[in-house]
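Here's a quick walk through a small protein model, written for someone who would rather look than calculate. Keep the 3D view open while you read.

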Amino acid sequence: GRIRGKVRPNIVFGDDIPGNPMAEVEVKCSPDGTILSKKLIQSSGHKSWDDAVIKALEKTEVLPRDLDGRVHSPLILEFRPKG
């Protein structure tokens with residue numbers, strides 16, 4: 001939840017697409033949470049949404065650590081336009 005909460009405000013998306021399709025992204029991070037790479041592993045079926053998610057991750061740059069101070073890598077993150 002904290003990770004999505006950090007990325008979500010950076011998603012810029014104004015298109016109206018039917019349903020609530022999911023884009024699934026694999027994110028690799030350094031130990032301090034810096035995003036090293038991101039790869040779309042399952043398209044939502046809407047290029048504009050997929051692109052918006054990737055751009056939001058680029059803008060985010062650093063993901064928050066877990067409560068124990070660690071950053072798990074790789075992470076599989078799922079994003080939907082309607083939450």
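Contact here means heavy atoms within 4.5 Å. With that in hand, start at L63: leaving aside residues up to four places away in sequence, L63 touches I3, V7, V27, C29, D32, G33, I35 and L75. Bear in mind as you click through these that this is a predicted model.

L63 also turns up in the largest nonpolar core, a set of 19 residues. V27, V53, L57 and L63 are the ones with the most contacts inside this core. Which elements each supply at least two of its residues? They are α1 (2-7), β1 (23-29), α2 (47-60) and β3 (75-79). The largest share comes from α2, with 5 residues.

Now for the fold as a whole. The protein has 2 helices and 3 strands, and going along the sequence they come in the order α-β-β-α-β. If you look at contacts between residues at least 6 apart in sequence, 71% of them join residues at least 24 apart.

How about overall dimensions? The C-alpha atoms fit a box of roughly 40 × 20 × 20 Å along the principal axes. A compact globule of 83 residues would have a radius of gyration near 12 Å, and the protein agrees, because its own value is 12 Å.

On to the surface. Of the 83 residues, 35% count as buried. The accessible surface comes to about 5000 Å², and carbon and sulfur atoms account for 50% of that. As for charge, there are 14 positive and 12 negative ones, and their mean positions sit 2 Å apart.

Two residues are worth picking out on the outside. G14 sits in the loop between α1 and β1, while K47 is part of helix α2. Are they buried or exposed? Exposed means over 50% relative accessibility, so G14, at 74%, counts as exposed. K47 counts as exposed too, because its relative accessibility is 60%.

Each of these two also has a C-alpha separation to go with it, listed here:

| Pair | Apart along the chain | C-alpha separation |
|---|---|---|
| G14 and S48 | 34 residues | 9.4 Å |
| K47 and G1 | 46 residues | 24 Å |

To see these in the viewer, pick the C-alpha atoms of G14 and S48, which are separated by 9.4 Å. Then do the same for K47 and G1, with 24 Å between their C-alpha atoms.

Key. Residues are numbered from 1 along each chain as its sequence is written. This is a predicted model: local features need pLDDT of at least 70, side-chain atom pairs count only at pLDDT 80 or more; totals for chains, interfaces and linings use all residues. Side-chain values use heavy atoms; hydrogens and water are left out. Helices (H or I, at least four residues) and strands (E, at least two) are DSSP runs, numbered from the N terminus. The radius of gyration is taken over C-alpha atoms; the globule rule is 2.2 Å times the number of residues to the power 0.38. Buried means under 20% relative accessible area, exposed over 50%, partly exposed in between (1.4 Å probe, protein chains only). Accessible areas come from the Shrake-Rupley method with a 1.4 Å probe; for residues, only the protein chains shown count as cover. Lys and Arg count as positive and Asp and Glu as negative; His and the chain ends are not counted. The place of a charge is taken as NZ of Lys, CZ of Arg, CG of Asp or CD of Glu. A nonpolar core is a set of buried Ala, Val, Leu, Ile, Met, Phe, Trp, Tyr and Cys residues joined through side-chain atoms within 4.5 Å.
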